[in-house]
Amino acid sequence: MLDPLPSLFGPKDKNAQLHWTFGWSSCPVFNNSAFWCALAEQCHFGRAAESCAVTQSTLSGGIKELEARLGVTLFERSHRHVMLTPLGKEIATRAQRLLVDAEELVGLARNAHEPLSGPLRFGVIPTVGPYVLPSLLQLLGTELPKLKLYVREAQTAVLLDKLAAGELDLLLAAIPFELGDVEAMEIAEDPIVVAMPRNHPLGRHRVVSRDDLAREQLLLIEDGHCLRSHSLQACRIVDPVRNEVFQATSLRTLVQMVAAELGITLMPQIAVDSELASARNVVVRPLSPDNPFRTLVLAWRSTSSRGDEFRLLGNLIRESLTGTKTAFVPDQHAEALFAR
């Protein structure tokens, strides 16, 4: 389901030729820049060459040419490992920022005539993606047939790192979570509910209180998922060690553990229909007294020039989740966005 992410400067990208139209091929920082950044990230010639879809000798030659033209050594090499020199680390950091800015420039030019067309690198967290993407992809296929969405699913911290590095254009996550220096658009509130075996005593309640949860075996998703902190905040548990007996790697695993009567759990409302369809022994109840929720947000770099486009996409995501229709007319939106 998940496609590999394209790089504007990678050899596989059909739009890579746009890069050279700006006359950058004579500049050593841009020439072979994809090779350089790949090796700086991987510190391994074979893996770096594979990520760039070139041979190892091609990548090695490009790196040597770059070092020769700059007149400095960027990498220390041995038979066992490759590592950046101190100067190489500083240059690599600056080069990555240049590449991100260059991609933004080319993306802006490519979408000047029609917003939300061409490739878009989209990150989504695992506790949102499976429940949003099916309806969203269907809607985008109808509303934006020229948009090619490349999806990367990972935990929020990983996605934020890739967003900052220019490997993603935007991401769909959930707050409260510290997103850092990004622009964010709220999409929808997603209530946190209690899931329990059908014959559980709490199933006779119309709502479940936090005091009820404190006396139960609480199953939680593993550390690293923002849903874990959302769940703990929802039931105001300070010391979860006393309340949980297992940690699951996914919502699906959590629900199956509940169905096996190993305990109860907290889950987002967005996942209920999908997950309970295959777990008939599970029922859900709202959490009282204040019906806690997480908020789904679309986020992108604050320096991105495509914020208006991304807000249009956010409206479509909201529509796919809530059914609230926002008319989208590509030609009219292009005029509104770019005739300024």
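The following exercises, with worked solutions, concern a predicted model.

**Exercise 1. Determine whether the length of helix H4 agrees with its number of residues, and which side of H4 is covered.**

Step 1. Helix H4 comprises residues 56-70, that is, 15 residues.

Step 2. The expected span is 1.5 Å times one less than the number of residues. For H4 this should give 21 Å, and the end C-alpha atoms are 21 Å apart, so the two values agree.

Step 3. The buried residues to consider in H4 are Leu59, Ser60, Gly62, Ile63, Leu66 and Glu67. Because these residues cover an arc of only 160 degrees around the axis, they lie on the same side of H4.

Step 4. Ser57, Lys64 and Ala68 are exposed on the other side of the helix.

Step 5. After H4 comes Gly71, which has a positive phi near 75 degrees.

**Exercise 2. Apply the length test to helix H12 and list its buried residues.**

Step 1. H12 spans residues 307-322 and contains 16 residues.

Step 2. From first to last C-alpha, H12 reaches 22 Å, close to the 22 Å expected at 1.5 Å a residue.

Step 3. Buried residues of H12 are Gly307, Glu309, Phe310, Leu312, Leu313, Gly314, Leu316, Ile317, Glu319 and Ser320.

**Exercise 3. Identify the strands that pair with E5, and the direction of each pairing.**

Step 1. Strand E5 consists of residues 170-175, and five of its six residues are buried.

Step 2. With strand E3 (residues 118-124), E5 forms three bridges in the parallel sense. Here Leu170 of E5 is the bridge partner of Phe122.

Step 3. With strand E11 (residues 293-301), E5 runs antiparallel, and six bridges join the two. Here Ala299 of E11 is the bridge partner of Leu171.

**Exercise 4. Describe the largest nonpolar core and the surroundings of Leu170.**

Step 1. In soluble globular proteins, nonpolar side chains tend to be buried together.

Step 2. The largest nonpolar core has 41 residues, of which Phe122, Leu140, Leu170, Leu172, Ile187, Leu298 and Ile317 touch the most other members. Elements giving two or more residues to this core include E3, E5, E11 and H12, together with helix H6 (129-143) and helix H7 (156-164).

Step 3. Neighbours within four places in sequence are set aside for Leu170. Its contacts then include Leu120, Phe122 and Gly123, as well as Leu163, Leu298, Ala299, Trp300, Phe310 and Leu313.

Step 4. A second, separate core has 18 residues, among them Phe35, Ala48, Leu66 and Ala92. Leu66 is also one of the buried residues of H4.

How values were computed: Residues are numbered from 1 along each chain as its sequence is written. This is a predicted model: local features need pLDDT of at least 70, side-chain atom pairs count only at pLDDT 80 or more; totals for chains, interfaces and linings use all residues. Side-chain values use heavy atoms; hydrogens and water are left out. Helices (H or I, at least four residues) and strands (E, at least two) are DSSP runs, numbered from the N terminus. Buried means under 20% relative accessible area, exposed over 50%, partly exposed in between (1.4 Å probe, protein chains only). The arc is that of the directions from the helix axis to the C-beta atoms. Two strands pair if DSSP finds at least two bridges between them. A nonpolar core is a set of buried Ala, Val, Leu, Ile, Met, Phe, Trp, Tyr and Cys residues joined through side-chain atoms within 4.5 Å. Contact means heavy atoms within 4.5 Å.
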